[in-house]
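Me: I am new to this structure and would like to learn how to read it. May we go through its features one at a time?

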Amino acid sequence: MEFFQNLNWMMLLKCFIVGGLICIIGQLLIDKTKLTPARILVIFVTTGAILGGLGWYEKLVEFAGAGATVPLTGFGNTLAKGAIEDVTKFGLVGAFTGGIKAAAGGIAAAVFFGYIASLISKPKMKKQ
Amino acid sequence: MNPLDTKKDYQEYVNKKSPNSPTLKNCFKAFIVGGFICSIGQVIMEYCKYRGLDKTLSSTIVSIILILISAFLTGLNLFNKIGKFAGAGSLVPITGFANSIVSPAMEYKSEGYVMGVGAKMFTVAGPVLVFGISASILVGIIYLIFNTQSITLV
Amino acid sequence: MEKIGSQTIRLDNPVTILETASIVGPKEAQGPIAKYFDQCLDDEFWGEKTWEKAESKIIKETVNMAITKSKIPAQNIDFCFAGDLLNQCISSSFGLRELNIPFFGIFGACSTFVEGLCLGSICVDGNAATNVICAASSHFCSAEKQFRFPLELGNQRPPTAQWTVTGAGCAVLTKNGQGPFITHITPGKIVDMGIKDSNNMGAAMAPAALDTLLTHFKDTGRSPSYYDAIITGDLGHVGKEILNDLSLSKGYNIKSNYNDCGVLIFDKNKQDVHSGGSGCGCCASVFSGFLFNELKQKKYKRILLIATGALTNATSAQQGESIPGIAHAVSIEI
């Protein structure tokens, strides 16, 4: 209970707005360009990695928290940030290890849960 | 103008004739759902910090929990309904990435666990990993080139 | 039979459509013409393990039903013409492998059913056969899987997208019958106007439908008003509008008696199918169910059925190729 009393509502609002705005960019891409979902995801992750490499994305993360890390641009940022971090520690080899290391949790979870879901569930027709 | 004179004329005519997506309505829905998903992430993140976890670990936990929720909803055949309503609102957050891995895994189960689930799992999300990881490696190398003095090459 | 004009065949001894059968899926069962179908399924798997098996079962049961209804013993049926949308037409060849009737697998995308009627009636009129069956099927889920995305992917469909019909239709053609008769056949040319958007098949196929329509009128000397109904296969709402426009620009007003199977099969306002139905099963089931009934009841005395097909696949779409369209027409009269 104490946690909820101390919740930073201002931060939550900023997170909502920034996260929502990033999604609006995605929606405009869907409606106006006829790009497939895979292409849109690729655009977001690559953009995030580039902005992360430039150090700009981190500022958005500080401002909006999960509003910046949860969209796929945040995934790209995590990859780029991890690569830079390992490069400073291990040199060239860090460029290869850092990205996946930083994003390992997400990737492994998606693969594992995907496998589990395929074991226990079946696709169903859209009923709308 | 006769719309069939050239392919270009026909394309223009078709563009005029085809109904457009209700972009304003779609953007509004994407904003609400996308913002809501991010806010769930924010609450989880704050809770992790409240329990004394560091920032990196917290955001990994956020990703894993959102991916779990998305996989669960996909398995319950509910995510496509959310996606149809929200569009980019559920696609762009990490939930969309999870859904794009889980949905082909379920779909191609009929082709077996190795060549079906295992191989086809990445038909939609594979490119995200290819381009995301490649971009991060390039970022690392470029960073290395610009900061050679301060970093010892192994 | 004789070729008239540039590409129409006039049958000397018009071939009778003796009987038809149709089976459709649960979504089609909620549509406005549901009562005309022989059987409506309440589950798109129909007790099978995969979508592909389900589609095979649908075409198999539809063909069996048509044969039973026609009261012609199966051994007296000379040939079978059938096809579908799945790679290498596996729904029809797997579904009909136990049929024991010489089999022609055909592919004309969504125009397959009428392509079958064309070839079948040529066969019968040319004395190569006494009885033939023509069938086609499609399944929403197997088509989505092959051409678009996994079912559980949370994507949005644009307003021009069409909904693949789950269903099959089958017609039994015979030599000495009382009608309805297939009197003219106008096979279509491949027409490509450069449309690349696979979510707008109606626009890609409409020019092919127009070409076949105009050629049919020119070759036979008929006008749109000769027919009680001109029915295209699966242009959907967008394609129907386009064909209306295009034919008017060529001097033929078809507005009053023109409709489309993809428009007929679903209720646009209630069923959220965007531009309407599509797929081999669309034209096949709407003809075998609804239109054949109207002919039998003599509500329609002359119809022109123009099935349209988009000759594309997933690879060509990814390689950026445009979508060639085709349309085959048969004139059916009582």
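**Reading the backbone, the chains and their contacts**

Reply: Let us begin with a single residue: Ala109(C) sits in the loop of chain C that runs between strand 5 (103–105) and helix 3. The model is a predicted one. Phi of Ala109(C) is near 50°, which is a positive value in a residue other than glycine.

Me: Is Ala109(C) buried or exposed?

Reply: The general idea is to count neighbours: 20 or more other C-beta atoms within 10 Å make a residue buried. Ala109(C) has 28 other C-beta atoms within 10 Å, so Ala109(C) is buried.

Me: Which loop holds Trp46(C), and how is its phi to be read?

Reply: Trp46(C) belongs to the loop between strand 3 (39–40) and helix 1 (51–70) of chain C. Its phi is positive, about 45°, although Trp46(C) is not a glycine. For Trp46(C) the count is 18 other C-beta atoms within 10 Å, and therefore the residue is partly exposed.

Me: Where is Pro180(C), and what is the peptide bond from Gly179(C) to Pro180(C)?

Reply: Pro180(C) is in the loop that links strand 8 and strand 9 (181–186) of chain C. The bond from Gly179(C) to Pro180(C) is cis, its omega being near 0°.

Me: How should confidence be read, and what pLDDT does chain C average?

Reply: Where pLDDT is low, predicted coordinates should not be read in detail. Chain C averages a pLDDT of 96, and 100% of its residues score at least 70. For the model, ipTM is 0.94 and pTM is 0.94.

Me: How many helices and strands has chain C, and why may its radius of gyration be set beside that of a compact globule?

Reply: Chain C contains ten helices and 14 strands. The idea is to compare a chain with what its length would suggest: a compact globule of 334 residues would have a radius of gyration near 20 Å, and the 18 Å of chain C agrees with this. The C-alpha trace of chain C spans about 55 × 50 × 35 Å along its principal axes. Of its 334 residues, 59% count as buried. Among contacts in chain C with a separation of 6 or more, 79% are between residues 24 or more positions apart.

Me: Into which domains is chain C divided, and how many residues of each are in contact?

Reply: Chain C is divided into domain 1 (2–174) and domain 2 (181–333). Taken over C-alpha atoms, the centres of these two domains of chain C are separated by 17 Å. In the contact between them, domain 1 of chain C has 60 residues and domain 2 of chain C has 58. On the domain 1 side, strand 2 of chain C gives the largest share, twelve residues. That side has 31 nonpolar, 23 polar and six charged residues.

Me: How is chain B divided into domains?

Reply: Chain B is divided into domain 1 (7–123) and domain 2 (124–154). Their centres, over C-alpha atoms, are separated by 26 Å. The contact takes six residues from domain 1 of chain B and four from domain 2 of chain B.

Me: What does the contact between chain B and chain A take from each chain?

Reply: The size of an interface is often given as the accessible area lost when the parts come together. Here residues are counted instead: 72 from chain B and 74 from chain A. On the chain B side, helix 2 of chain B provides the largest share, 17 residues. The residues of that side comprise 44 nonpolar, 23 polar and five charged.

Me: And which residues does the contact between chain B and chain C take?

Reply: This contact involves 30 residues from chain B and 25 from chain C. The largest share of the chain B side, seven residues, is from helix 6 of chain B. By class, the side of chain B that touches chain C has eleven nonpolar, 15 polar and four charged residues.

Me: Which residues have the most contacts inside the largest nonpolar core?

Reply: They are Val132(C), Ile133(C) and Leu305(C), in a core of 111 residues. Leaving aside neighbours within four places in sequence, Leu305(C) is in contact with residues including Val114(C), Ile231(C) and Phe287(C). A second, separate core has 76 residues, among them Leu41(A), Val33(B), Ala71(B) and Leu91(B).

Key:
Residues numbered from 1 in each chain as written. Chains lettered and ligands numbered in written order. Predicted model: local features only at pLDDT ≥ 70, side-chain atom pairs only at ≥ 80, totals over all residues. Contact = placed C-beta atoms within 7 Å. Helix = DSSP H or I, 4+ residues; strand = E, 2+ residues; numbered from the N terminus. Nonpolar A, V, L, I, M, F, W, Y, C, P; charged D, E, K, R; others polar. Rg over C-alpha atoms; globule rule 2.2 N^0.38 Å. Buried ≥ 20, exposed ≤ 12 C-beta atoms within 10 Å, placed from the backbone. Domains from an automatic or database assignment. pLDDT = per-residue confidence, 0-100. Core = buried A, V, L, I, M, F, W, Y, C linked by C-beta atoms within 7 Å.
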